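Reader: I am new to this model and would like to learn how to read its features one at a time. Please give me the general idea each time, then the case at hand.

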Amino acid sequence: MSDHARTAAVVLAAGKGTRFRSDLAKVLHRAAGRTLVGHVLEALRPLGLGQVVVVVGHQADEVAAAVRAAAVPGLTTVVQEEQHGTGHAVQVAMPALADGIDRVLILPGDTPLLTAPTLAALLAAADGRTAAMLTARLDDPTGYGRVLRDADGDVAAIVEHRDATAEQRAVDEINAGMYVVGRDHLDVALGQLDTDNDQGELYLTDVVAILAGKGEPVAASVTSEDEVAGVNDRRQLAAAAAVLRRRHLDHLMAEVGVSVTDPATTHVDVDVRVGRDAVLLPGTILEAGTRIGERAVVGPNSHLTACEVGADATVHSTRADQAEIGDHATVGPFSHLRPGTRLGVKSKIGAFAETKNATIGDGSKVPHLAYLGDATVGAGVNVACGVITVNYDGFTKSHTTIEDGAFVGCDTMLVAPVTVGAGAFVAAGSTLTEDVPAGALAIARARQVNKDGWAARRREQHGA
Ligand code: UD1
Ligand code: CA
């Protein structure tokens, strides 16, 4: 869409978001794993605009960093030191526009449900005209600016809810806060704004009446309600996040071929990818760039953050963070995979097993009640019930190595640093403080003593 090379976007993201009652700038709050301003930038990406200027102000450095992370081509930020309204924000942005730009697409940073086709339609509505804006008809238009049309159906003015008369408030067509305006006309109109309104701010919305007054009517592109919802408080944030999650699940079900047993209890962030024929069972939460392979079964009740799950793996009732789970591996129920866990093909991590910074080789099994931290476990290893890597002495962390084919018996303490050689056996109940050579049996526990008849003598002493 390189025909938009002479159009720049100006994204308004300098406001505090007072209605959020938050110490974090509103546009940095996340919905379905992405910041509000990040969602807006993603909607812009496919349009191929010549430039994207983001106006930052409140928590400018943090917002600018989030904006840069989106890595949209042609991106710059400008700082609006004091926030005197949406019109003021655009005034601050104008000097940053590049030479070749002749048209400006203005949009707020708090409308995460917006999609690229809606913006493309708005740009098309402005073709051959000075300006166009996006509107929608809402069942409950409370809080939004109302669209006042003239006899020809063009927009004559926008009046803010708080400045509107009862008659104007009855209008159900609202201003989505998105406009396309020719650069020169915008420049002139911005210079004519005043603060004659309830908030004493420079309202961008007044540009519409200024243009209409000059015989440059503003066309309206009407879109659906769920594209334009502005997120001004936390209830609206939750509602928008639910829509975003549902859209992503619909995409996974309809276009990829993923089974989602219960969409209502399945939370999948928008940047999570899931393979064909995977199954997401109820209570599954997939966050921050998680990848799920084909035919994998995740859940019920698994919470994965930044994880890589291989094809045909199962991950049942598990918490995992920054873990790689190999093809055909089985995890859970009730496993805890902490950062740096890498599980090999066909490996198994079972109930109440915890791993951290641990590589578990292909086909190795840790079926129950174990802690493996700072460990390298080879292929075909059996780690029996109750095994613990004693990796921390109160001062430093040390590493445990268990080589291919070893068998570590139940309730073994591996006091690191320690190595169990390939094919070795460790007797149950051992506390290993020394390396075990390959192929050896290690027994590191007190020898058993049996005292014949002891129990009867004891009972007699107590008259039992
Ligand atoms: C605005 C519109 C309203 C429209 C609604 C759509 C105005 C005066 N009103 O109201 O007609 O129905 O959006 O959602 O434009 N911002 C700045 N600098 C400022 C002030 C705001 O960058 O000085 C940014 C905010 O961070 C936000 C965006 O502009 O991302 C919109 O501001 P907000 O206060 O949310 O405007 P609304 O009251 O929602
Ligand atoms: Ca808003």
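Author: Start with a loop: Asp312 is placed between strand 20 (308-309) and strand 21 (314-315). Helices (H or I, at least four residues) and strands (E, at least two) are DSSP runs, numbered from the N terminus. This is a predicted model, in which local features need pLDDT of at least 70 and side-chain atom pairs count only at pLDDT 80 or more, while totals for chains, interfaces and linings use all residues. Residues are numbered from 1 along each chain as its sequence is written, chains are lettered from A and ligands numbered from 1 in the order in which they are written, and side-chain values use heavy atoms, with hydrogens and water left out.

Reader: What is the phi of Asp312?

Author: Phi is near 65° in Asp312, a positive value in a residue other than glycine. His328 also has phi near 65°, again positive in a residue other than glycine. The place of His328 is the loop that runs between strand 23 (323-325) and strand 24.

Reader: Is Asp312 buried, exposed or partly exposed?

Author: The classes are buried (under 20% relative accessible area), exposed (over 50%) and partly exposed in between, with a 1.4 Å probe and protein chains only. Asp312 counts as partly exposed because its relative accessibility is 25%. The value for His328 is 40%, so His328 is partly exposed as well.

Reader: Which peptide bond that leads to Pro300 should I look at, and is it cis or trans?

Author: Look at the bond from Gly299 to Pro300: it is cis, with omega near 0°. Pro300 belongs to the loop from strand 18 (297-298) to strand 19 (303-305). Gly332 and Pro333 are also joined by a cis peptide bond, where omega is about -5°. The loop that holds Pro333 links strand 24 (330-331) and strand 25 (335-337).

Reader: Where is Thr318, and what does it touch?

Author: Thr318 is in strand 22, which covers residues 318-321. Contact means heavy atoms within 4.5 Å. Apart from neighbours within four places in sequence, the contacts of Thr318 are Asn301, Ser302, His303, Leu304, Val331, Gly332, Ser335 and Leu337. Gly332, one residue of the second cis bond, is thus one of the residues in contact with Thr318.

Reader: Is Thr318 buried or exposed, and which backbone oxygen does its side chain reach?

Author: Thr318 counts as buried because its relative accessible area is 3%. Its side chain reaches the backbone oxygen of His316 at 2.8 Å. A polar contact is a pair of N or O atoms within 3.5 Å; within protein, one must be able to donate a hydrogen and the other to accept it, and residues adjacent in sequence count only if both atoms are side-chain atoms.

Reader: How many residues surround ligand 1, and which are the closest?

Author: A residue is near a molecule if one of its heavy atoms lies within 4 Å of it. Around ligand 1 there are 23 residues, and Leu12, Gln80, Thr86, Glu160 and Asn175 are the closest. Strand 1 (7-13), helix 3 (86-93) and strand 10 (173-182) each give at least two residues to this shell.

Reader: Which polar side chains come up to oxygen atoms of ligand 1?

Author: An N or O atom in the side chain of Arg19 is 3.4 Å from an oxygen atom of ligand 1. For Lys26, a polar side-chain atom is 3.4 Å from an oxygen atom of ligand 1, and for Asn232 the distance is 3.5 Å. Of the 760 Å² of accessible area that ligand 1 has on its own, the protein covers 89%; the areas come from the Shrake-Rupley method with a 1.4 Å probe.

Reader: Where is Gln80, and is it buried or exposed?

Author: Gln80 sits in the loop between strand 5 (75-79) and helix 3. With a relative accessible area of 2%, Gln80 is buried. Leaving aside neighbours within four places in sequence, its contacts include Ala14, Val55, His88 and Val92.

Reader: Which residues does Met178 touch?

Author: Not counting residues up to four places away in sequence, Met178 touches, among others, Ile106, Pro108, Leu122 and Met133. Met178 lies in strand 10 and is buried, with a relative accessible area of 0%. Along the chain, Met178 and Val10 are 168 residues apart, but their C-alpha atoms are separated by 9.8 Å.

Reader: In which strand is Pro108, and is it buried or exposed?

Author: Pro108 is in strand 6, residues 103-108. Its relative accessible area is 15%, so Pro108 is buried. Leaving aside neighbours within four places in sequence, Pro108 is in contact with Val11, Leu12, Val40, Ala176, Gly177 and Met178. Leu12 is also among the closest residues to ligand 1.
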